[in-house]
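Here are some notes for a colleague who is opening this entry without having seen it before. They go from the whole chain to single residues.

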Amino acid sequence: SSDLVVNLANTGILAERIIPADPEQYPLGLEIPRVSEIYVNPRYRIAEFDEEACPWDDRWWNRRVSHVDFDVLLSAYVTSPEATRRPLLLLGHPGAGKSLLTKVFAARLPASEYTVVRVPLRRVSADNHVHHQIEEALDISTHQRIAWSDLAEQSKGTVRVVLLDGLDELLQASEHDRSSYLQSVMDFQETEANLRRPVVVIVTSRTVVADRVDIPRGATIVKLDPFHTN
């Protein structure tokens, strides 16, 4: 079934090496660890968006407490009623680990309880509707034509989660003004809820472009802290 194929595509990331083996670049016999062996949850800061919020400004974020329990945060969020009404915006600077986090999150959520679709926005049509972008991503990850409506119907017994990775790249690639993209995501969520197919959506973006999009009031925003070595 489609949901099984999607889960297989998601879980494959955990067995991948963190960097491709390249005998011309690395010594022969070098043991490159797999993602599942080396991934570390990032520290993060969290806030709710309102008229006073400046999520594109590091100084604004630095006034907030840094937390360590990111997996607990996401697990709690995806089961909250609010999560199916508006997207969570996940911010971070280049190299903070946003994309890898979405891959690992998609792989680790148990398939018996969750149906997860990860959408790399740089690889789908920037000006398409959200549900068409999801279907493009399914085509890329599974090499199958999977309609979102079919997958949503097949996954009635699970929590549906869509991870839209790279809003900043979509803004750059689009030929039109996509500042209202998060509103489009909310419209998608509302339609799915009306069809009794509620869906949780998490959108990632570089921090510095957060002022170029209309963030819904009350939306949860999270910023990943940079990695530090001790």
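1. Helices and strands are named here as DSSP runs, at least four residues for a helix and at least two for a strand, and they are numbered from the N terminus. On that basis E175 falls in the loop that joins α8 (167-173) to α9. The coordinates are those of a predicted model.

2. The whole protein has 9 helices and 6 strands. Its C-alpha trace extends about 55 × 45 × 35 Å along the principal axes. The radius of gyration is 18 Å, and a compact globule of 230 residues would come near 17 Å, so the two agree.

3. Of the 230 residues, 46% are buried. Among contacts with a separation of 6 or more, 73% link residues that are 24 or more positions apart. The exposed surface amounts to about 12200 Å², and carbon and sulfur atoms contribute 49% of that area.

4. On charge, there are 25 positive and 33 negative side chains. The centres of these two sets are 3 Å apart.

5. Which residues have the most contacts inside the largest nonpolar core? They are V119, I134, W148, L164 and L167, in a core of 39 residues. V119 touches I134 and L164 from that list, and its other partners beyond four places in sequence are V124, Q133, A137, V162, L163 and D165. A second core, separate from this one, has 28 residues, including I13, L73, L74 and L90. In soluble globular proteins, nonpolar side chains tend to be buried together.

6. L89 is a residue of strand β2, which covers residues 88-92. Is L89 buried or exposed? Its relative accessible area is 3%, and the limit for a buried residue is under 20%, so L89 counts as buried. Leaving aside residues up to four places away in sequence, L89 touches L182, V203, S205, I215, T220, I221 and V222. The C-alpha atom of L89 is also 9.2 Å from that of A210, a residue 121 positions away along the chain.

7. Back at the loop of point 1, E175 has a relative accessibility of 72% and therefore counts as exposed. The C-alpha atoms of E175 and D127 are separated by 7.3 Å, while the two residues are 48 apart along the chain.

8. Helix α9 contains Q183. At 38% relative accessibility this residue is classed as partly exposed, because that class lies between the 20% and 50% limits. Q183 and P216 are 33 residues apart in sequence, and 7.0 Å separates them from C-alpha to C-alpha.

9. Two residues deserve a look at their backbone angles. H143 is not a glycine, yet its phi is positive, about 60°. H143 sits in the loop between α6 (130-142) and α7 (148-154), and its 71% relative accessibility makes it exposed.

10. R196 is the other case: its phi is near 60°, again a positive value in a residue other than glycine. Where is R196 found? R196 lies in the loop that runs between α9 (181-194) and β5 (199-206). With a relative accessible area of 74%, R196 is exposed.

Technical notes
Residues are numbered from 1 along each chain as its sequence is written. This is a predicted model: local features need pLDDT of at least 70, side-chain atom pairs count only at pLDDT 80 or more; totals for chains, interfaces and linings use all residues. Side-chain values use heavy atoms; hydrogens and water are left out. The radius of gyration is taken over C-alpha atoms; the globule rule is 2.2 Å times the number of residues to the power 0.38. Buried means under 20% relative accessible area, exposed over 50%, partly exposed in between (1.4 Å probe, protein chains only). Contact means heavy atoms within 4.5 Å. Accessible areas come from the Shrake-Rupley method with a 1.4 Å probe; for residues, only the protein chains shown count as cover. Lys and Arg count as positive and Asp and Glu as negative; His and the chain ends are not counted. The place of a charge is taken as NZ of Lys, CZ of Arg, CG of Asp or CD of Glu. A nonpolar core is a set of buried Ala, Val, Leu, Ile, Met, Phe, Trp, Tyr and Cys residues joined through side-chain atoms within 4.5 Å.
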